[in-house]
Amino acid sequence: PISCTNAELLESIGATDLPIITHVHELDYAISYFGQQNWDAARRQTTRYFACADAVVQALIQRHGIAAARVSRHYEAIPTGRVIELAAVKSPATARAELNIPAPAFLIAACGSADPRKGADLFVQLAAILKARSCRQPVRLVWIGRHRDESLRNQWEEAVARLGVGDVLHFAGEQENPFPLLNACDVFALPSREDPFPLVMLEAATLGKPVV
């Protein structure tokens, strides 16, 4: 389970002699976002921590007081062949057409939960900046992923309306198979405020997409 979102799951397990390993993919911003209660519950149950990057190792030890002997760095990996296979289910043209994205448009994609840590609000601002520029071809942006709650959805929609980017910014929502749409983009953007090891960058790179 992921560290700062698994409190309810770990609490439901209750007291156990079984070792529990928590794979930590977050830094302080995310831990604070989900609340101290979640983090405390995770720490009570966790036997050992796997951290996705050196920065997470250092944060766990230096800022959260976890003993170094209980923390191991474990880089993530992705099944590259499976990513390519799933991307081929639809052509890029079909994936674009389903969102009414014009064929000649330069498409910028972002992927993840549409929340402040992932920089969903910054992606809306990026849409406004690009819309205001004179580009040689039309530019479109697409966010793949869901809003965590209704308040975040309302914030997104308010920002889109205020900045007038509803015609260039597409919200694809959560996708059972996001790879055809990811494969349809020209560039993958990562606007995250904090992201110690975003697997979607590896997925985009597997599909040959430049990552910014």
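Gly119 sits in the loop that links strand β4 to helix α7, and this glycine makes a convenient starting point for a tour of the model. The structure is a predicted one, in which local features need pLDDT of at least 70 and side-chain atom pairs count only at pLDDT 80 or more, while totals for chains, interfaces and linings use all residues. Residues are numbered from 1 along each chain as its sequence is written, and side-chain values use heavy atoms, with hydrogens and water left out. Helices (DSSP runs of H or I, at least four residues) and strands (DSSP runs of E, at least two) are numbered from the N terminus.

With a relative accessibility of 0%, Gly119 counts as buried; here buried means under 20% relative accessible area, exposed means over 50%, and partly exposed lies in between (1.4 Å probe, protein chains only). Its contacts, defined as heavy atoms within 4.5 Å, include Trp143, Pro191, Ser192 and Arg193 once neighbours within four places in sequence are set aside. The C-alpha atom of Gly119 is also 8.5 Å from that of Glu194, a residue 75 positions away along the chain.

The wider setting can now be described. The protein comprises ten helices and seven strands, and its C-alpha atoms fill a box of roughly 60 × 40 × 30 Å along the principal axes. Of its 212 residues, 45% are buried. Among contacts with a separation of 6 or more, 72% involve residues 24 or more positions apart. The exposed surface amounts to about 11,000 Å², with 53% supplied by carbon and sulfur atoms; accessible areas come from the Shrake-Rupley method with a 1.4 Å probe, and for residues only the protein chains shown count as cover. The mean positions of the 21 positive and 23 negative charges lie 6 Å apart. In that count Lys and Arg are positive and Asp and Glu negative, with His and the chain ends not counted, and each charge is placed at NZ of Lys, CZ of Arg, CG of Asp or CD of Glu.

Strand β4 belongs to an open sheet of four strands in the order β6-β5-β4-β7, with parallel pairing. Strands β6 (169-173) and β7 are at the edges with a single partner strand each, so one side of each has no neighbour in the sheet. Pairing is assigned where DSSP finds at least two bridges between two strands. Strand β4 (residues 106-111) and strand β5 (residues 139-144) are joined in the parallel sense by six bridges, and Phe106 has Val139 of β5 as its bridge partner. Between these two strands the chain passes through helix α7 (residues 120-132), giving a right-handed β-α-β crossover. A crossover is called right-handed if, with the strands pointing away from the viewer, the path from the first strand over the helix to the second runs clockwise.

On the other side of this sheet's description comes β7 (residues 187-188), which pairs with β4 in the parallel sense over two bridges; Ile108 has Val187 of β7 as its bridge partner. Strands β5 and β6 are likewise parallel, over four bridges. Trp143, already met as a contact of Gly119, stands opposite Phe171 in β6. Helix α8 (residues 150-163) completes a right-handed β-α-β unit with β5 and β6. Strand β6 is mostly covered, with four of its five residues buried.

Attention turns next to strands β1, β2 and β3. Strand β1 (residues 21-24) runs parallel to β2 and is joined to it by four bridges, and Val24 has Ala51 of β2 as its bridge partner. Three bridges join β2 to the parallel strand β3 (residues 71-73), where Ala51 has Arg73 as its bridge partner. From β2 the chain crosses through α4 to β3, and this β-α-β crossover is right-handed. In a regular strand the side chains alternate between the two faces of the sheet. Strand β2 (residues 48-51) has Tyr49 and Ala51 on a covered face and Arg48 and Phe50 on an uncovered one.

Helix α4 (residues 54-63) includes Asp54, which is partly exposed at a relative accessible area of 37%. Apart from residues up to four places away in sequence, Asp54 touches Arg73 and Tyr75. Its C-alpha atom is 32 Å from that of Leu141, 87 residues away in sequence.

Finally, Asn100 lies in the loop between α6 (92-97) and β4. Its phi is near 60°, a positive value in a residue other than glycine, and Asn100 is exposed, with a relative accessible area of 67%.
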